[in-house]
Amino acid sequence: MLLSLSFGLFYISCSKSSSTPPPPPTDKTALQKAVDSAQFYYSQTLEGTKPGDYTVGSKAPLKTALDAANAILNDPTSSQATLTNAAANLTGATTTYKGAFIGQIAAVNLIGYWKMNGNANDSSGNGHNGVVTQGHAYFGAGTPVFTPDRFGRAGMAYHFDHGGNIEIPYAPALNPVQMSISLWVRQDTAGRKINPANCYMFAMNRWNGYKFQTQPFLPFYTVKVFESTPAPGDTTIYDRDDAGTAIVPGPTWYHLVATFKAGVEDFYINGTQVKEWTNNIGGTPISLVNPINLVIGADLPTSKYLTVDASGNFLVDYGGFWTGDMDDVMFYNIALTGPQVQSIYTNQSTL
């Protein structure tokens, strides 16, 4: 009997020492919170192209991350590390999705809207009406003429060449500290001899203010700013292109956007961001001491060009102009977000 009892105790002892200890308890609170947040955005928001929507296609990555997180949440064998990583991944996916929100652009943020539908008037309600102006003789003294728009409608866009431009009288609102320039263009520089690399679309006082151009086919934006360092009041001129994404001259229309705010300059082509500059871009756009009219289709008002100018600031030889068609020029006093640019492109791509 004693032998049997000893054997039984030995067996129990061995059995206990060889058993696998239970896994440590896990805390699923953070992951559950991330799942609830993601599920809300996925279920309660809509994709679309209008303000208040989220850009089309943005829900799919969120759904993928949500499904993966739910699988981990419902797996009783998930470790704490796995749960923590899943919560971080899903939170990141939700943040990305929230960034696809198309925010409403307040009416006050639209400085001017030149639809070019039979005239050069400003449709924003701000009264920045343009004046169709003959170009300088050095460029060939051209004048903008009506042309079919990107939908083929006659007289609903302007064709520019030989320096012809649309001049908008100066107003302080045209000299904002943040800006976005949105326009539709078809470039056609075949046979052009004068400064073919300087194809200006939208400008106020050349490099001493701001300008948006192609050079020769790369979207290119320049702005002169007041620096906060190294000394307040110092100025710098920022010249940036979109780092290599060119448009193709010919029959194709393109939607081009350049945005600027202190520290960030962005380029978009057909609703897609092609470059963001954040390196050494600081300060705020300079307020012009001697105001100069805004120009669509050239870099200076025709009357400002000089044939002799030691400073070069107004020298006509350095000038440029747009050759091709232009339509729906919009100017904002904010830096538009990517979803807002995509929304403008999508909604202006169809009638």
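1. A starting point for this predicted model is helix α5, whose buried residues are Pro339, Gln340, Val341, Ser343, Ile344 and Gln348. The elements that cover these buried residues include the strands β2 (54-55), β3, β8 (179-187), β13 (254-261), β14 (264-269) and β18.

2. Helix α5 also takes part in the largest pocket, which has a volume of about 320 Å³. The elements that contribute two or more residues to the lining of this pocket are β3, β18 and α5 (338-348), and of these α5 gives the most, with five residues. The lining of the largest pocket is made of 17 residues, and those that lie nearest its centre are Ile105, Met330, Tyr332, Ser343 and Ile344. Ser343 and Ile344 therefore deserve a second look, for they are among the buried residues of α5 and are also among the residues nearest the centre of the largest pocket.3. What kinds of residue make up the lining of the largest pocket? The lining divides into ten nonpolar residues, seven polar residues and no charged ones. The second largest pocket holds about 190 Å³ of space, and 13 residues line the second largest pocket, with Asn205, Asn208, Leu288, Val289 and Asn290 closest to its centre. In the lining of the second largest pocket, six residues are nonpolar, five are polar and two are charged.

4. Helix α4 (residues 80-98) can be checked against a simple expectation, because at 1.5 Å a residue its 19 residues should span 27 Å, and its end C-alpha atoms are indeed 27 Å apart. The buried residues of α4 are Leu83, Ala86, Ala87, Leu90, Ala93, Thr94 and Tyr97. When the helix is viewed down its axis, these buried residues fall within an arc of 130 degrees, so they line one face of α4.

5. Which elements do the buried residues of α4 pack against? Their packing partners are α2 (29-44), β2 and α3 (59-73). On the face of α4 that is turned away from its buried side, the exposed residues Asn89 and Thr96 are found. The strand β2 appears twice in this note, since β2 is among the elements covering the buried residues of α5 and is also packed against by the buried residues of α4.

6. Isoleucine 111 lies in strand β3 and has a relative accessible area of 3%, so it counts as buried, the cut-off being under 20%. Leaving aside neighbours within four places in sequence, isoleucine 111 is in contact with Asp122, Ser124, Asn126, His128, Ala173, Leu174, Pro176, Phe331, Tyr332 and Asn333. Tyr332 in this list is also one of the residues nearest the centre of the largest pocket. The C-alpha atoms of isoleucine 111 and arginine 192, which are 81 residues apart along the chain, are separated by 33 Å.

7. Histidine 128, one of the contacts of isoleucine 111, lies in the loop between β3 (110-114) and β4 (131-133). Is this loop residue buried or exposed? Histidine 128 is buried, with a relative accessible area of 10%. Not counting residues up to four places away in sequence, histidine 128 touches Ile111, Trp114, Asp122, Ile168, Ala171, Ala173 and Leu174. Asp122, Ala173 and Leu174 are contacts of histidine 128 and are also contacts of isoleucine 111.

8. Aspartate 317 lies in the loop between β17 (294-296) and β18 (324-332), and it is partly exposed, with a relative accessible area of 35%. Apart from its neighbours within four places in sequence, aspartate 317 is in contact with Tyr138, Asn195 and Thr307. The C-alpha atoms of aspartate 317 and glutamate 47 are separated by 50 Å, the two residues being 270 residues apart along the chain.

9. A few points of backbone geometry deserve a careful look. Most residues other than glycine have a negative phi, and most peptide bonds are trans. Asparagine 195, a contact of aspartate 317, lies in the loop between β8 and β9 (199-204), and its phi is near 40 degrees, a positive value in a residue other than glycine. Arginine 206 likewise has a positive phi, of about 50 degrees, although it is not a glycine. Arginine 206 is placed in the loop between β9 and β10, and it is buried, with a relative accessible area of 0%.

10. Where is a cis peptide bond to be found? The bond from glutamine 215 to proline 216 is cis, with omega near -20 degrees. Proline 216 lies in the loop between β10 (210-214) and β11 (219-226).

Key:
Residues are numbered from 1 along each chain as its sequence is written. This is a predicted model: local features need pLDDT of at least 70, side-chain atom pairs count only at pLDDT 80 or more; totals for chains, interfaces and linings use all residues. Side-chain values use heavy atoms; hydrogens and water are left out. Helices (H or I, at least four residues) and strands (E, at least two) are DSSP runs, numbered from the N terminus. Buried means under 20% relative accessible area, exposed over 50%, partly exposed in between (1.4 Å probe, protein chains only). Contact means heavy atoms within 4.5 Å. On a 1 Å grid over the protein atoms alone, a cavity is a set of points where a 1.4 Å probe fits but cannot get out, and a pocket is an open set with protein on both sides within 12 Å along at least five of seven lines; lining residues have an atom within 4 Å of a point. Grid points are joined across faces, edges and corners, and a volume is the space filled by probe spheres set on the points. Ala, Val, Leu, Ile, Met, Phe, Trp, Tyr, Cys and Pro count as nonpolar, Asp, Glu, Lys and Arg as charged, and the others, Gly among them, as polar. The expected span of a helix is 1.5 Å times one less than its number of residues. The arc is that of the directions from the helix axis to the C-beta atoms.
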